[in-house]
Amino acid sequence: MDQERTAFISSHARRRATEAGRAKPKPKAKAKAAPADEAFAMPLSSGAYTGTGQYFVRFRVGTPARPFLLVADTGSDLTWVKCRRHAAPAPAPAPAPGYNYGYGAPASNDSSSVSAAASSPARVFRPDRSRTWAPIPCSSDTCTASLPFSLAACPTPGSPCAYEYRYKDGSAARGTVGTDSATIALSGRRAGKKQRRAKLRGVVLGCTTSYTGESFLASDGVLSLGYSNVSFASRAAARFGGRFSYCLVDHLAPRNATSYLTFGPNPAVSSASASRTACAGSAAAPGARQTPLLLDHRMRPFYAVAVNGVSVDGELLRIPRLVWDVQKGGGAILDSGTSLTVLVSPAYRAVVAALGKKLVGLPRVAMDPFDYCYNWTSPLTGEDLAVAVPALAVHFAGSARLQPPPKSYVIDAAPGVKCIGLQEGDWPGVSVIGNILQQEHLWEFDLKNRRLRFKRSRCMQ
(Lines give C-alpha, C1' and ligand atoms only; values in the text may rest on other atoms or scores of the structure.)
Protein backbone atom coordinates (compact mmCIF):
# COMPACT_ATOMS: atom_id res chain seq x y z
CA MET A 1 0.00 0.00 0.00
CA ASP A 2 2.75 2.43 0.97
CA GLN A 3 4.77 1.64 -2.17
CA GLU A 4 1.78 2.40 -4.40
CA ARG A 5 1.07 5.64 -2.58
CA THR A 6 4.70 6.76 -2.71
CA ALA A 7 4.95 6.02 -6.42
CA PHE A 8 1.96 8.26 -6.96
CA ILE A 9 3.33 11.04 -4.76
CA SER A 10 6.51 11.20 -6.84
CA SER A 11 4.68 11.16 -10.17
CA HIS A 12 2.24 13.76 -8.86
CA ALA A 13 5.08 16.09 -7.87
CA ARG A 14 6.67 15.77 -11.32
CA ARG A 15 3.36 16.47 -13.03
CA ARG A 16 2.70 19.51 -10.83
CA ALA A 17 6.10 20.92 -11.72
CA THR A 18 5.37 20.88 -15.45
CA GLU A 19 1.63 21.41 -15.82
CA ALA A 20 0.30 24.74 -16.96
CA GLY A 21 -2.46 24.74 -14.33
CA ARG A 22 -6.19 25.15 -14.38
CA ALA A 23 -8.26 28.27 -14.77
CA LYS A 24 -8.14 30.39 -11.64
CA PRO A 25 -11.37 30.29 -9.64
CA LYS A 26 -13.03 33.52 -8.65
CA PRO A 27 -12.04 34.67 -5.17
CA LYS A 28 -14.61 34.01 -2.49
CA ALA A 29 -15.56 36.12 0.48
CA LYS A 30 -13.67 35.10 3.58
CA ALA A 31 -15.62 33.46 6.38
CA LYS A 32 -15.72 35.26 9.72
CA ALA A 33 -12.78 34.22 11.88
CA ALA A 34 -13.35 32.70 15.31
CA PRO A 35 -12.03 34.43 18.47
CA ALA A 36 -8.24 34.07 18.82
CA ASP A 37 -8.38 31.52 21.64
CA GLU A 38 -11.22 29.43 20.25
CA ALA A 39 -10.63 25.96 18.84
CA PHE A 40 -12.39 22.70 18.14
CA ALA A 41 -11.25 19.10 18.26
CA MET A 42 -12.35 15.76 16.84
CA PRO A 43 -11.43 12.36 18.35
CA LEU A 44 -8.64 10.56 16.50
CA SER A 45 -7.60 6.90 16.88
CA SER A 46 -5.52 4.18 15.24
CA GLY A 47 -7.22 1.87 12.77
CA ALA A 48 -5.03 -1.10 13.71
CA TYR A 49 -8.06 -2.96 15.07
CA THR A 50 -9.41 -3.10 11.49
CA GLY A 51 -6.11 -4.36 10.06
CA THR A 52 -5.28 -1.04 8.39
CA GLY A 53 -2.38 1.36 8.87
CA GLN A 54 -4.63 4.43 8.82
CA TYR A 55 -5.87 6.74 11.55
CA PHE A 56 -9.59 7.40 11.91
CA VAL A 57 -11.34 10.61 12.94
CA ARG A 58 -14.93 10.97 14.13
CA PHE A 59 -16.75 13.52 12.00
CA ARG A 60 -20.32 14.82 12.29
CA VAL A 61 -21.97 16.27 9.20
CA GLY A 62 -25.44 17.24 7.99
CA THR A 63 -28.50 18.69 9.74
CA PRO A 64 -29.42 16.87 11.87
CA ALA A 65 -25.77 15.84 12.35
CA ARG A 66 -24.80 12.23 11.65
CA PRO A 67 -21.54 10.66 12.91
CA PHE A 68 -19.04 9.06 10.52
CA LEU A 69 -15.64 7.44 10.87
CA LEU A 70 -13.26 8.89 8.27
CA VAL A 71 -9.61 8.31 7.34
CA ALA A 72 -7.52 11.34 8.38
CA ASP A 73 -5.49 12.01 5.24
CA THR A 74 -3.05 14.90 4.73
CA GLY A 75 -2.73 13.82 1.08
CA SER A 76 -6.38 14.35 0.10
CA ASP A 77 -8.29 17.48 -0.84
CA LEU A 78 -11.76 15.90 -1.13
CA THR A 79 -13.74 15.05 1.98
CA TRP A 80 -16.28 12.37 1.16
CA VAL A 81 -18.66 9.99 2.88
CA LYS A 82 -20.45 6.88 1.73
CA CYS A 83 -23.80 8.06 0.54
CA ARG A 84 -27.24 7.00 -0.64
CA ARG A 85 -29.43 9.32 -2.64
CA HIS A 86 -33.21 9.15 -2.61
CA ALA A 87 -33.27 8.58 -6.36
CA ALA A 88 -31.21 6.28 -8.54
CA PRO A 89 -28.02 8.03 -9.69
CA ALA A 90 -27.36 8.79 -13.33
CA PRO A 91 -24.97 6.46 -15.17
CA ALA A 92 -21.35 7.13 -14.22
CA PRO A 93 -19.40 9.22 -16.74
CA ALA A 94 -16.33 7.82 -18.43
CA PRO A 95 -13.46 7.59 -15.89
CA ALA A 96 -10.69 9.03 -18.06
CA PRO A 97 -10.49 12.51 -16.48
CA GLY A 98 -10.53 11.20 -12.90
CA TYR A 99 -8.31 12.51 -10.15
CA ASN A 100 -5.62 10.25 -8.65
CA TYR A 101 -4.56 10.04 -5.03
CA GLY A 102 -2.54 7.42 -3.38
CA TYR A 103 -3.41 5.24 -0.38
CA GLY A 104 -5.25 1.95 -0.54
CA ALA A 105 -5.10 -1.81 -0.75
CA PRO A 106 -3.10 -3.68 -3.40
CA ALA A 107 -4.44 -3.18 -6.88
CA SER A 108 -7.00 -5.66 -8.09
CA ASN A 109 -8.11 -6.67 -11.53
CA ASP A 110 -11.68 -6.73 -10.30
CA SER A 111 -13.29 -3.56 -11.58
CA SER A 112 -16.71 -4.28 -10.06
CA SER A 113 -18.22 -1.34 -8.25
CA VAL A 114 -19.48 -1.60 -4.67
CA SER A 115 -22.55 0.37 -3.69
CA ALA A 116 -21.73 2.65 -0.78
CA ALA A 117 -25.17 2.04 0.70
CA ALA A 118 -24.74 -1.74 0.58
CA SER A 119 -21.25 -1.72 2.09
CA SER A 120 -22.11 -0.20 5.50
CA PRO A 121 -25.86 0.45 5.80
CA ALA A 122 -25.53 1.57 9.44
CA ARG A 123 -23.53 4.69 8.52
CA VAL A 124 -24.59 6.07 5.16
CA PHE A 125 -25.11 9.76 4.48
CA ARG A 126 -28.54 10.67 3.09
CA PRO A 127 -28.31 14.15 1.52
CA ASP A 128 -32.09 14.33 1.08
CA ARG A 129 -32.41 14.08 4.86
CA SER A 130 -29.97 16.91 5.59
CA ARG A 131 -31.55 20.37 5.69
CA THR A 132 -28.18 22.02 4.98
CA TRP A 133 -27.06 19.92 2.00
CA ALA A 134 -26.63 21.99 -1.19
CA PRO A 135 -25.52 20.29 -4.42
CA ILE A 136 -22.93 22.11 -6.52
CA PRO A 137 -24.17 22.52 -10.14
CA CYS A 138 -21.90 21.07 -12.82
CA SER A 139 -22.04 24.38 -14.74
CA SER A 140 -20.76 26.44 -11.80
CA ASP A 141 -17.27 27.95 -11.55
CA THR A 142 -16.76 25.94 -8.38
CA CYS A 143 -17.25 22.68 -10.27
CA THR A 144 -15.35 23.58 -13.43
CA ALA A 145 -12.42 25.55 -11.95
CA SER A 146 -12.09 24.92 -8.21
CA LEU A 147 -12.53 21.14 -8.00
CA PRO A 148 -9.70 19.34 -9.83
CA PHE A 149 -11.41 15.99 -9.27
CA SER A 150 -14.68 16.95 -11.01
CA LEU A 151 -15.72 15.29 -14.26
CA ALA A 152 -16.46 17.12 -17.48
CA ALA A 153 -19.90 15.56 -18.00
CA CYS A 154 -22.70 18.11 -17.51
CA PRO A 155 -26.03 16.89 -18.95
CA THR A 156 -27.88 20.07 -17.92
CA PRO A 157 -26.63 23.28 -16.24
CA GLY A 158 -28.41 22.33 -13.03
CA SER A 159 -27.12 18.75 -12.87
CA PRO A 160 -24.97 17.98 -9.82
CA CYS A 161 -21.19 18.18 -10.13
CA ALA A 162 -19.91 14.62 -10.58
CA TYR A 163 -16.52 13.29 -9.52
CA GLU A 164 -14.41 10.19 -9.70
CA TYR A 165 -11.60 10.32 -7.18
CA ARG A 166 -9.17 7.59 -8.24
CA TYR A 167 -6.42 6.18 -6.06
CA LYS A 168 -3.11 4.83 -7.27
CA ASP A 169 -3.93 1.27 -6.23
CA GLY A 170 -6.85 1.11 -8.68
CA SER A 171 -9.56 1.91 -6.13
CA ALA A 172 -11.89 4.83 -6.75
CA ALA A 173 -14.73 6.79 -5.17
CA ARG A 174 -17.55 8.09 -7.37
CA GLY A 175 -20.47 10.38 -6.72
CA THR A 176 -21.55 14.00 -6.68
CA VAL A 177 -20.19 16.92 -4.71
CA GLY A 178 -22.00 19.57 -2.72
CA THR A 179 -21.67 21.55 0.50
CA ASP A 180 -23.02 20.86 3.96
CA SER A 181 -22.46 21.80 7.59
CA ALA A 182 -20.16 19.99 10.00
CA THR A 183 -21.00 20.02 13.71
CA ILE A 184 -18.04 20.89 15.93
CA ALA A 185 -17.43 21.15 19.69
CA LEU A 186 -15.79 24.46 20.58
CA SER A 187 -13.27 25.11 23.33
CA GLY A 188 -11.87 28.39 24.65
CA ARG A 189 -12.89 31.11 27.07
CA ARG A 190 -16.17 31.83 25.30
CA ALA A 191 -17.09 28.16 25.28
CA GLY A 192 -16.72 27.96 29.08
CA LYS A 193 -16.36 24.70 30.98
CA LYS A 194 -19.10 23.00 29.00
CA GLN A 195 -18.40 22.28 25.36
CA ARG A 196 -20.43 24.48 23.04
CA ARG A 197 -21.52 22.99 19.74
CA ALA A 198 -21.45 25.03 16.56
CA LYS A 199 -21.87 24.57 12.82
CA LEU A 200 -19.03 24.92 10.33
CA ARG A 201 -20.97 25.82 7.18
CA GLY A 202 -20.05 25.45 3.53
CA VAL A 203 -17.89 22.32 3.90
CA VAL A 204 -17.18 20.81 0.47
CA LEU A 205 -18.43 17.23 0.72
CA GLY A 206 -18.42 14.36 -1.71
CA CYS A 207 -21.47 12.10 -1.69
CA THR A 208 -19.90 8.78 -2.75
CA THR A 209 -22.51 6.42 -4.11
CA SER A 210 -20.12 3.71 -5.31
CA TYR A 211 -16.48 2.75 -5.07
CA THR A 212 -14.10 0.04 -6.21
CA GLY A 213 -11.32 -1.65 -4.25
CA GLU A 214 -10.98 -2.64 -0.61
CA SER A 215 -9.46 0.59 0.66
CA PHE A 216 -12.65 1.92 2.20
CA LEU A 217 -14.25 -1.14 3.78
CA ALA A 218 -13.10 -0.21 7.30
CA SER A 219 -14.14 3.45 7.18
CA ASP A 220 -17.03 5.63 6.04
CA GLY A 221 -14.88 7.85 3.81
CA VAL A 222 -12.00 10.32 3.93
CA LEU A 223 -11.41 13.62 5.78
CA SER A 224 -9.29 15.87 3.58
CA LEU A 225 -6.40 17.42 5.53
CA GLY A 226 -4.37 18.37 2.45
CA TYR A 227 -3.34 21.88 1.44
CA SER A 228 -6.02 22.95 -1.01
CA ASN A 229 -8.60 25.70 -1.27
CA VAL A 230 -11.40 23.11 -0.99
CA SER A 231 -10.01 20.74 1.67
CA PHE A 232 -11.60 20.55 5.09
CA ALA A 233 -8.27 21.41 6.74
CA SER A 234 -7.78 24.63 4.80
CA ARG A 235 -11.38 25.77 5.23
CA ALA A 236 -11.50 25.01 8.96
CA ALA A 237 -8.04 26.41 9.68
CA ALA A 238 -8.97 29.67 7.94
CA ARG A 239 -11.72 30.12 10.54
CA PHE A 240 -9.66 28.97 13.54
CA GLY A 241 -6.29 30.69 13.75
CA GLY A 242 -4.86 29.42 10.46
CA ARG A 243 -3.62 26.17 11.97
CA PHE A 244 -4.47 22.60 12.84
CA SER A 245 -2.71 19.92 14.87
CA TYR A 246 -2.88 16.21 15.53
CA CYS A 247 -1.28 13.70 17.84
CA LEU A 248 -0.98 10.10 16.63
CA VAL A 249 -1.14 7.46 19.35
CA ASP A 250 1.00 4.33 18.99
CA HIS A 251 -0.14 2.69 15.74
CA LEU A 252 -0.77 -0.57 17.63
CA ALA A 253 -2.76 1.13 20.39
CA PRO A 254 -6.17 -0.36 21.28
CA ARG A 255 -9.34 1.01 19.81
CA ASN A 256 -10.21 3.06 22.90
CA ALA A 257 -6.87 4.92 22.91
CA THR A 258 -7.96 8.33 21.65
CA SER A 259 -6.18 11.56 20.85
CA TYR A 260 -7.44 14.60 18.94
CA LEU A 261 -7.33 16.43 15.64
CA THR A 262 -7.53 20.10 16.66
CA PHE A 263 -8.25 23.24 14.64
CA GLY A 264 -7.13 26.48 16.26
CA PRO A 265 -4.41 27.33 18.79
CA ASN A 266 -2.84 24.46 20.71
CA PRO A 267 -0.92 25.83 23.73
CA ALA A 268 0.98 22.55 24.07
CA VAL A 269 2.94 23.21 20.88
CA SER A 270 2.68 26.94 20.05
CA SER A 271 3.05 30.03 22.20
CA ALA A 272 -0.14 31.47 23.62
CA SER A 273 0.95 34.87 22.32
CA ALA A 274 1.05 33.57 18.76
CA SER A 275 -2.68 34.01 18.42
CA ARG A 276 -2.65 37.62 19.59
CA THR A 277 0.21 39.26 17.72
CA ALA A 278 1.20 39.09 14.11
CA CYS A 279 4.93 38.90 14.81
CA ALA A 280 4.53 36.12 17.36
CA GLY A 281 3.07 33.73 14.81
CA SER A 282 6.31 31.80 14.62
CA ALA A 283 6.69 31.26 18.38
CA ALA A 284 6.92 27.67 19.61
CA ALA A 285 5.93 26.56 23.11
CA PRO A 286 8.66 25.37 25.52
CA GLY A 287 9.85 21.89 24.48
CA ALA A 288 8.45 22.20 20.98
CA ARG A 289 10.54 22.50 17.83
CA GLN A 290 9.65 24.27 14.63
CA THR A 291 10.72 24.31 11.01
CA PRO A 292 9.42 26.00 7.84
CA LEU A 293 6.35 24.36 6.29
CA LEU A 294 6.86 24.34 2.53
CA LEU A 295 3.51 24.93 0.85
CA ASP A 296 4.99 24.37 -2.61
CA HIS A 297 2.57 24.32 -5.56
CA ARG A 298 4.46 21.34 -7.02
CA MET A 299 3.70 19.26 -3.94
CA ARG A 300 0.06 20.17 -3.32
CA PRO A 301 -1.96 18.95 -1.56
CA PHE A 302 0.94 17.39 0.39
CA TYR A 303 2.91 19.24 3.07
CA ALA A 304 6.63 19.45 2.30
CA VAL A 305 9.42 20.03 4.81
CA ALA A 306 13.06 21.06 4.39
CA VAL A 307 15.30 18.18 5.51
CA ASN A 308 18.98 18.94 6.08
CA GLY A 309 20.04 15.38 6.82
CA VAL A 310 19.67 12.18 8.86
CA SER A 311 21.91 10.99 11.67
CA VAL A 312 22.38 7.65 13.45
CA ASP A 313 23.82 7.73 16.97
CA GLY A 314 24.74 11.37 16.43
CA GLU A 315 26.71 10.79 13.22
CA LEU A 316 25.36 12.70 10.23
CA LEU A 317 25.11 10.34 7.25
CA ARG A 318 26.53 11.09 3.82
CA ILE A 319 23.38 11.65 1.78
CA PRO A 320 23.46 13.88 -1.32
CA ARG A 321 21.74 17.21 -0.55
CA LEU A 322 19.78 17.10 -3.80
CA VAL A 323 17.80 14.18 -2.32
CA TRP A 324 15.99 16.74 -0.14
CA ASP A 325 15.71 19.44 -2.84
CA VAL A 326 12.31 19.82 -4.52
CA GLN A 327 13.92 21.86 -7.31
CA LYS A 328 16.14 18.90 -8.24
CA GLY A 329 13.56 16.13 -8.23
CA GLY A 330 13.70 15.33 -4.52
CA GLY A 331 12.05 16.67 -1.40
CA ALA A 332 10.27 15.27 1.64
CA ILE A 333 6.69 15.38 2.89
CA LEU A 334 4.78 14.44 6.02
CA ASP A 335 1.91 12.12 5.18
CA SER A 336 -0.67 10.74 7.60
CA GLY A 337 -1.92 8.36 4.89
CA THR A 338 1.37 6.45 4.53
CA SER A 339 2.29 4.02 7.31
CA LEU A 340 5.99 3.23 6.82
CA THR A 341 8.49 5.97 6.14
CA VAL A 342 9.78 5.80 2.56
CA LEU A 343 13.24 7.15 1.72
CA VAL A 344 14.49 7.47 -1.84
CA SER A 345 17.34 5.10 -2.70
CA PRO A 346 20.40 7.23 -1.78
CA ALA A 347 18.93 8.11 1.62
CA TYR A 348 17.47 4.66 2.29
CA ARG A 349 20.73 2.83 1.63
CA ALA A 350 22.71 5.17 3.85
CA VAL A 351 20.23 4.92 6.73
CA VAL A 352 19.69 1.14 6.73
CA ALA A 353 23.43 0.54 6.36
CA ALA A 354 24.12 2.68 9.44
CA LEU A 355 21.31 1.07 11.47
CA GLY A 356 22.26 -2.44 10.30
CA LYS A 357 25.89 -1.91 11.30
CA LYS A 358 24.77 -1.33 14.89
CA LEU A 359 22.58 -4.47 14.86
CA VAL A 360 25.13 -6.77 13.22
CA GLY A 361 25.23 -9.14 16.20
CA LEU A 362 21.59 -10.19 15.78
CA PRO A 363 20.62 -13.09 13.49
CA ARG A 364 18.92 -11.91 10.28
CA VAL A 365 15.58 -13.37 9.20
CA ALA A 366 13.56 -12.87 6.01
CA MET A 367 10.16 -11.18 6.18
CA ASP A 368 8.36 -9.31 3.43
CA PRO A 369 8.14 -6.43 2.71
CA PHE A 370 11.16 -5.53 4.84
CA ASP A 371 14.82 -5.79 3.84
CA TYR A 372 16.31 -5.90 7.34
CA CYS A 373 14.67 -8.11 9.97
CA TYR A 374 16.19 -9.66 13.08
CA ASN A 375 15.45 -12.46 15.51
CA TRP A 376 15.19 -10.51 18.74
CA THR A 377 14.50 -13.54 20.96
CA SER A 378 16.97 -14.98 23.44
CA PRO A 379 17.51 -18.72 22.79
CA LEU A 380 17.95 -19.21 26.54
CA THR A 381 14.98 -17.36 28.00
CA GLY A 382 12.65 -16.88 25.05
CA GLU A 383 12.37 -13.21 26.02
CA ASP A 384 13.35 -10.19 23.92
CA LEU A 385 17.08 -9.53 23.90
CA ALA A 386 18.32 -6.42 25.67
CA VAL A 387 19.83 -4.83 22.58
CA ALA A 388 20.37 -1.09 22.35
CA VAL A 389 18.65 0.32 19.28
CA PRO A 390 20.73 3.05 17.60
CA ALA A 391 19.26 6.55 17.84
CA LEU A 392 17.81 7.90 14.60
CA ALA A 393 17.24 11.62 14.03
CA VAL A 394 15.84 13.58 11.10
CA HIS A 395 17.33 17.07 10.91
CA PHE A 396 14.99 19.76 9.59
CA ALA A 397 15.80 23.33 8.62
CA GLY A 398 16.01 25.72 11.55
CA SER A 399 17.90 23.27 13.79
CA ALA A 400 14.75 21.26 14.50
CA ARG A 401 15.33 17.55 15.02
CA LEU A 402 12.80 14.73 14.98
CA GLN A 403 14.08 12.05 17.37
CA PRO A 404 11.45 9.30 17.24
CA PRO A 405 11.31 6.50 19.81
CA PRO A 406 13.08 3.30 18.63
CA LYS A 407 9.75 1.47 18.18
CA SER A 408 8.90 3.93 15.39
CA TYR A 409 11.72 2.75 13.11
CA VAL A 410 12.70 -0.69 14.48
CA ILE A 411 9.23 -2.10 14.61
CA ASP A 412 7.62 -5.30 15.89
CA ALA A 413 6.85 -7.32 12.76
CA ALA A 414 6.07 -10.72 14.35
CA PRO A 415 6.54 -12.40 17.76
CA GLY A 416 10.24 -12.19 18.50
CA VAL A 417 11.02 -10.43 15.22
CA LYS A 418 11.84 -6.76 14.71
CA CYS A 419 12.45 -5.05 11.38
CA ILE A 420 13.88 -1.74 10.26
CA GLY A 421 10.56 -0.10 9.42
CA LEU A 422 11.69 1.89 6.40
CA GLN A 423 11.00 1.35 2.71
CA GLU A 424 13.08 2.18 -0.34
CA GLY A 425 11.63 4.65 -2.85
CA ASP A 426 12.67 5.41 -6.41
CA TRP A 427 15.15 8.15 -7.14
CA PRO A 428 14.48 10.78 -8.34
CA GLY A 429 11.44 11.02 -6.15
CA VAL A 430 9.93 12.27 -2.91
CA SER A 431 10.72 10.86 0.53
CA VAL A 432 7.71 10.36 2.79
CA ILE A 433 7.66 10.61 6.59
CA GLY A 434 4.89 8.17 7.39
CA ASN A 435 2.49 7.99 10.31
CA ILE A 436 4.49 5.38 12.27
CA LEU A 437 7.51 7.69 12.43
CA GLN A 438 5.14 10.52 13.40
CA GLN A 439 3.49 8.55 16.22
CA GLU A 440 3.61 9.81 19.81
CA HIS A 441 4.34 13.33 18.63
CA LEU A 442 2.08 16.36 18.55
CA TRP A 443 2.24 18.04 15.12
CA GLU A 444 0.96 21.54 14.35
CA PHE A 445 0.54 22.70 10.76
CA ASP A 446 0.52 26.50 10.94
CA LEU A 447 -0.72 27.38 7.46
CA LYS A 448 -0.95 31.09 8.20
CA ASN A 449 2.70 31.46 9.22
CA ARG A 450 4.03 28.51 7.19
CA ARG A 451 5.51 26.75 10.18
CA LEU A 452 5.53 23.12 11.28
CA ARG A 453 5.82 22.60 15.04
CA PHE A 454 6.19 19.32 16.88
CA LYS A 455 7.03 17.81 20.28
CA ARG A 456 7.02 14.40 21.94
CA SER A 457 3.75 13.39 23.55
CA ARG A 458 1.94 10.24 24.66
CA CYS A 459 -1.07 11.81 22.89
CA MET A 460 -3.75 10.30 25.13
CA GLN A 461 -5.65 12.84 27.25
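This report walks through two annotated residues, one sheet and the enclosed cavities of a predicted model.

**The annotated pair**

A good place to begin is with D73 and D335, which UniProt lists under "active site" in an unreviewed entry. The two are spread over 263 residues of sequence, yet they cluster in space, with a largest C-alpha distance of 7.4 Å.

To find D73, look in strand β3, which covers residues 66-73. D335 sits in a loop instead, between β18 (332-334) and β19. Are these residues buried or exposed? D73 has a relative accessibility of 0%, so it counts as buried. D335 is buried too, with a relative accessible area of 0%; the cut-off for buried is under 20%. The side chain of D335 also has a polar atom 3.2 Å from the backbone nitrogen of G337.

**A sheet of four strands**

Next, follow an open sheet of 4 strands, where the order is β17-β16-β22-β23 and the pairing is antiparallel. The edges are formed by β17 (315-316) and β23 (401-402); each has a single partner strand, so one side of each is left without a neighbour in the sheet. β16 and β22 are joined by 5 bridges in the antiparallel sense. If you would like to trace a bridge by eye, try S311, whose partner in β22 is A393.

**The cavities**

How many cavities of 30 Å³ or more does the model hold? The count comes to 2, and the table sets them side by side.

| Cavity | Volume | Lining residues by kind |
|---|---|---|
| Largest | about 100 Å³ | 11 nonpolar, 2 polar, no charged |
| Second largest | about 40 Å³ | 7 nonpolar, 1 polar, no charged |

The largest cavity has 13 lining residues, and those nearest its centre are V310, T341, L343, V394 and L437. Which elements give two or more residues to this lining? They are β16 (307-312), β19 (341-344), β22 (392-396) and β27 (431-433). Two of these names may be familiar from the sheet, where β16 and β22 pair with each other.

The second largest cavity is lined by L44, Y55, A72, L225, Y246, L248, L261 and S336. No charged residue appears in this lining, and the lining of the largest cavity has no charged residue either.

**Putting it together**

To revisit the main stops, start at the buried D73 and the buried D335. Then move to the paired strands β16 and β22, which both give two or more residues to the lining of the largest cavity.

Definitions and conventions:
Residues are numbered from 1 along each chain as its sequence is written. This is a predicted model: local features need pLDDT of at least 70, side-chain atom pairs count only at pLDDT 80 or more; totals for chains, interfaces and linings use all residues. Side-chain values use heavy atoms; hydrogens and water are left out. On a 1 Å grid over the protein atoms alone, a cavity is a set of points where a 1.4 Å probe fits but cannot get out, and a pocket is an open set with protein on both sides within 12 Å along at least five of seven lines; lining residues have an atom within 4 Å of a point. Grid points are joined across faces, edges and corners, and a volume is the space filled by probe spheres set on the points. Ala, Val, Leu, Ile, Met, Phe, Trp, Tyr, Cys and Pro count as nonpolar, Asp, Glu, Lys and Arg as charged, and the others, Gly among them, as polar. Two strands pair if DSSP finds at least two bridges between them. UniProt positions are given in the numbering used here, feature names are shortened, and annotations may be inferred rather than shown by experiment. Buried means under 20% relative accessible area, exposed over 50%, partly exposed in between (1.4 Å probe, protein chains only). A polar contact is a pair of N or O atoms within 3.5 Å; within protein, one must be able to donate a hydrogen and the other to accept it, and residues adjacent in sequence count only if both atoms are side-chain atoms.
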